Amino acid sequence: MKKVGLKFVAMMIIGIMAVGMFTGCSTSTSGGKVKNAVDIGIVLPTKDEPRWVQDETRFKNALKDTDYSVEILFSQGSSAKEKENVDALLAKGIKILIICPHDGNAAAAAVEAAKKEGVKVISYDRLITNTDAIDYYVTFDSVAVGKAQAQYLVDQVKGAGNPLYLYAGAASDNNAFLFFEGAWSVLQPKIADGTFVIKNSSEALALQEKLDLTREEMSKIISQVTTNWDFNDAKSKAEAHLTVAKAEDKGDVFILAPNDGTARSIADVFKADTDVTKYVITGQDAEKASIQYIIDGKQSMTVFKDVRTLVKDSIDMAISLLQGTAPETTGSYDNGKIDVKAKQTEVIVVHQQNVKEALIDSGYYEAGEFTGLK
Ligand code: BGC
């Protein structure tokens with residue numbers, strides 16, 4: 001009996017090694033099944049926005065020299081696809097999941113499946129909400145992003161009665177609330193004192209005397225001015241607003257745009273309106289196309305979030321976890337269910353005057369990628 005058992009075990013080991021050699025990677029077993037080992041699975045929201053393609057590139061660069069095997073998948077703006085991606089990675093035996101959810105609430109099911117398999121979950125850039133199946137969060141300071149956008153508008157404004165158009169991100173993204181919260185904290189006093197006049201949101205007008213908004217109150221405003229992080233939604237919303245606005249609601253205008261992709265769409269619409277004499281518009285992400293817009297004077301500013309840092313922080317965190325040590329964190333975020341330990345990164349404001357210093361001299365982009373750079 002004993003002899004047969006040993007032989008069987010030896011054959012199993014040889015079999016497992018053969019599979020490993022054939023697939024060119026190491027193997028692991030789980031639940032009696034042989035799995036190809038991918039150590040770290042990364043799931044990003046969509047390839048349709050330059051922001052996330054940028055993250056993929058930075059991950060690939062950072063992972064070139066690691067001994068761990070990694071696979072990156074995109075969810076193409078679908079929570080169902082995101083769950084399929086996570087399941088596919090679990091079937092490959094991942095030990096760490098780094099995931100940026102398409103929809104923060106809907107992603108709970110995917111990470112709960114991962115947690116059941118003993119996988120450590122790192123929420124990347126966007127927080128997964130209302131679940132305890134998440135271990136860590138790596139993020140930029142999103143409230144600071146909103147504050148910086150609003151501060152830029154405030155720094156450019158003079159006098160009273162200046163038209164202000166508000167836009168926001170997708171309500172399914174917790175960050176959209178953090179950006180808006182930060183922006184409102186800076187804009188509201190300047191709306192209350194008459195410097196700005198909101199032109200495109202009755203909900204925001206109804207709340208303009210209130211500095212600290214509840215999540216429900218922010219929801220009301222965001223649902224009116226959301227772009228859904230979609231360039232076409234942003235464009236049609238801006239067109240609709242300018243169609244109903246009177247000539248006196250235009251002139252020199254100020255626009256809070258939540259990110260670069262939507263900023264370019266909205267800027268194009270405002271630029272095409274002959275009653276708009278000048279506009280100041282915000283953004284974030286330092287996307288290449290927006291850097292060109294800033295150089296050309298078509299977008300006023302962006303908030304540079306150095307993705308290299310976020311990528312490095314999440315990889316360092318993953319490697320600590322794989323090695324069984326506790327990752328370094330700087331604070332925590334309440335996700336509605338638990339306090340999630342977080343590592344947070346600062347952001348940098350970029351405009352025409354410092355674009356070269358912030359993005360070229362820092363080695364983030366190359367000068368040759370742009371025209372008209374001084
Ligand atoms: C990210 C932004 C991005 C936006 C749209 C947010 O969660 O923090 O950088 O522009 O999603 O994808």
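This is a short dialogue on reading the ligand site in a predicted model.

Biologist: Where should I start with the ligand, and which residues come nearest?

Modeller: Start with the shell of residues around the ligand. Here that shell has 13 residues. E49, R51, D125, D173 and D285 come nearest.

Biologist: How do the shell residues divide into nonpolar, polar and charged?

Modeller: Sort the shell by residue class. Seven are charged, three are polar and three are nonpolar.

Biologist: Which side chains place a polar atom by an oxygen atom of the ligand?

Modeller: Look for pairs of N or O atoms within 3.5 Å. D173 has a polar side-chain atom 2.6 Å from a ligand oxygen. For N175, the distance from a polar side-chain atom to a ligand oxygen is 2.9 Å. K305 also has a polar side-chain atom 2.9 Å from an oxygen atom of the ligand.

Biologist: How much of the ligand's accessible area does the protein cover?

Modeller: Take the area of the ligand on its own, then ask what the protein covers. On its own, the ligand has 310 Å² of accessible area. The protein covers 100% of that.

Biologist: And where does the ligand sit?

Modeller: In the largest cavity. Two elements each give two or more residues to the shell: α2 (50-63) and α6 (174-192).

Biologist: Which domains supply the shell?

Modeller: Map the shell onto the domain bounds. Domain 1 (33-134 + 307-345) gives at least three residues. Domain 2 (142-305 + 349-369) also gives at least three.

Notes
Residues numbered from 1 in each chain as written. Predicted model: local features only at pLDDT ≥ 70, side-chain atom pairs only at ≥ 80, totals over all residues. Heavy atoms only, no water. Near = heavy atom within 4 Å. Polar contact = N/O pair within 3.5 Å; in protein donor to acceptor, adjacent residues only side chain to side chain. Areas by Shrake-Rupley, 256 points an atom, 1.4 Å probe, with all protein chains shown as cover. 1 Å grid on protein atoms, 1.4 Å probe; cavity = no way out; pocket = protein on both sides within 12 Å on 5 of 7 lines; lining within 4 Å. Sits in = over half its atoms within 2 Å of the grid points. Helix = DSSP H or I, 4+ residues; strand = E, 2+ residues; numbered from the N terminus. Nonpolar A, V, L, I, M, F, W, Y, C, P; charged D, E, K, R; others polar. Domains from an automatic or database assignment.
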